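Dear colleague,

I am passing on the structure we spoke about, with my notes below it. Please look at the structure first and then read the notes against it.

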Amino acid sequence: MSFVKYEAKDQIGIITIDRPNALNALNSQVLDDLEAVVDAVDYDVVRCLILTGSGEKSFVAGADIAEMAEDSKAEGKAFAEKGNKLFRKIETLPIPVIAAVNGFALGGGCELCMSCDIRLASDNALFGQPETGLGITPGFGGTQRLMRRIPVGKAKEMIYACTNIKAPEALSLGLVNAVYPQEELLPAAEKLAGKIAKNAPIAVRQAKAAMNEGIDVDMDAAIAIECERFGECFETADQKEGMAAFLEKRKHEPFQNK
Ligand code: CO8
């Protein structure tokens, strides 16, 4: 039995963490199941992924506390490496990933959504890094990504003081792009994924790579990355069709990912 479900809808893939009895907490099996699902996606066909949690209460309530409670230093480090490797894989997938945060996004849950390109939230979403209250640090990227997503001082407060933030504050900090009533969250994520899927897939991929690769390097290196990625779009069928359609004042044909 897998704790992660996958559904393909046209060119959109929906991944659901499905361990509702533990509020979708991430134990080793959930991480393995999530990696297996991510690896099995056909990236030639699927143009955008949505990642969400099952139920209406929780996206992911963190790493599984029961599983790691008795870990040694070495086991703790190994678990952090396992989660970080997977989250980095998600962050660097060739196509965009939208996190539809449908409730608790605590600890590893906050970290998982931060490894996605875009976060949308339900109005009951709660974000936080409660780890220091458990005697540990965030270990699935939280000490690094939170301060890259929101102001550093606020990230430090959230981590040192275990201050959780509700959806409206997450919106005002830019941690999420939009907040919806619970029942509107997934339709909104699918609508946005559909808009992304309509655009030239090679261009979207190159744009994602350019932004991901450029964000942590100096501006000269970042601009060089952009030039490289921009050049890669030319001589593609979709670039030729997109530009020809503009010049001929017509709608472009559906992009082919070629
Ligand atoms: N791990 C394991 N089980 C969990 C977790 C979790 N993170 N969260 C919830 N559960 C389980 C509960 O134990 C409970 O199980 P049971 O019914 O068998 O007792 C079930 O889910 C339902 O939970 P509650 O009854 O507690 O539900 P409430 O609505 O009362 O409370 C909360 C919801 C507030 C979300 C509460 O469950 C809670 O505080 N959960 C823990 C949140 C947390 O601290 N998360 C951070 C975990 S640490 C982490 O993520 C570190 C990431 C980096 C790891 C690095 C590796 C070394």
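In this predicted model, Ile50 of β3 stands opposite Ile98 in β5, and that position belongs to a parallel pairing in which strand β3 and strand β5 (residues 97-101) are joined over four bridges. Ile50 also has a counterpart in β2, where Ile14 is the residue that stands opposite. Strand β2 and strand β3 (residues 48-53) likewise pair in the parallel sense, here over six bridges, and within this pairing the bridge partner of Ile12 in β3 is Cys48. The connection between β2 and β3 involves helix α1 (residues 28-40), and β2, α1 and β3 together make a right-handed β-α-β unit.

How many residues of β3 are buried? Six of the six are, so the strand is largely enclosed by the rest of the structure. The burial holds for both directions in which its residues point, since Cys48, Ile50 and Thr52 are directed one way from β3, Leu49, Leu51 and Gly53 the other way, and all of them are buried.

Strand β2 (residues 12-17) gives a comparable reading when taken by itself: six of its six residues are buried, and the strand is described as mostly covered. Ile12, Ile14 and Thr16 lie on one side and Gly13, Ile15 and Ile17 on the other, with both faces covered. Besides its pairing with β3, β2 pairs with strand β1 (residues 4-9), in this case in the antiparallel sense and over six bridges, and Ala8 is the residue that stands opposite Gly13 of β2.

The hairpin of β1 and β2 has two residues between the strands, and within it Asp10 takes a positive phi near 50 degrees. Most residues other than glycine have a negative phi, and you may therefore wish to look at this backbone position when you check the model. Asp10 is found in the loop between β1 and β2, and it counts as exposed, because its relative accessibility is 75% and the cut-off for exposed is over 50%. A positive phi also occurs at Asn257, which is not a glycine and has a value of about 65 degrees. Asn257 is placed in the segment after α11 (237-247), and with a relative accessible area of 18% it is buried, the cut-off being under 20%.

There is also an open sheet of four strands, which has the order β4-β6-β8-β9 and mixed pairing. The edges of this sheet are formed by β4 (58-60) and β9 (165-166), each with a single partner strand, so that one side of each is left without a neighbour in the sheet. Strand β8 (residues 126-128) and β9 run antiparallel and are joined by two bridges, and the bridge partner of Leu126 in β9 is Lys166.

Turning to the ligand, 24 residues surround it, and the closest are Lys57, Ala61, Ala63, Ile65 and Gly108. Which residues offer polar backbone atoms to the ligand? Among them is Gly108, with a backbone N or O atom that lies 2.8 Å from an oxygen atom of the ligand. A polar backbone atom of Ala61 is 3.0 Å from a nitrogen atom of the ligand, and a polar backbone atom of Asn21 is 3.4 Å from an oxygen atom of the ligand. On its own the ligand has 1100 Å² of accessible area, of which the protein covers 62%. The elements that give two or more residues to the surrounding shell are α2 (65-68), α3 (73-91), β6 (104-106) and α4 (108-114), and the largest share, three residues, comes from α3. By class, the shell is made up of 14 nonpolar, six polar and four charged residues.

With kind regards

How values were computed: Residues are numbered from 1 along each chain as its sequence is written. This is a predicted model: local features need pLDDT of at least 70, side-chain atom pairs count only at pLDDT 80 or more; totals for chains, interfaces and linings use all residues. Side-chain values use heavy atoms; hydrogens and water are left out. A residue is near a molecule or strand if one of its heavy atoms lies within 4 Å of it. A polar contact is a pair of N or O atoms within 3.5 Å; within protein, one must be able to donate a hydrogen and the other to accept it, and residues adjacent in sequence count only if both atoms are side-chain atoms. Accessible areas come from the Shrake-Rupley method with a 1.4 Å probe; for residues, only the protein chains shown count as cover. Ala, Val, Leu, Ile, Met, Phe, Trp, Tyr, Cys and Pro count as nonpolar, Asp, Glu, Lys and Arg as charged, and the others, Gly among them, as polar. Buried means under 20% relative accessible area, exposed over 50%, partly exposed in between (1.4 Å probe, protein chains only). Two strands pair if DSSP finds at least two bridges between them. A crossover is right-handed if, with the strands pointing away from the viewer, the path from the first strand over the helix to the second runs clockwise.
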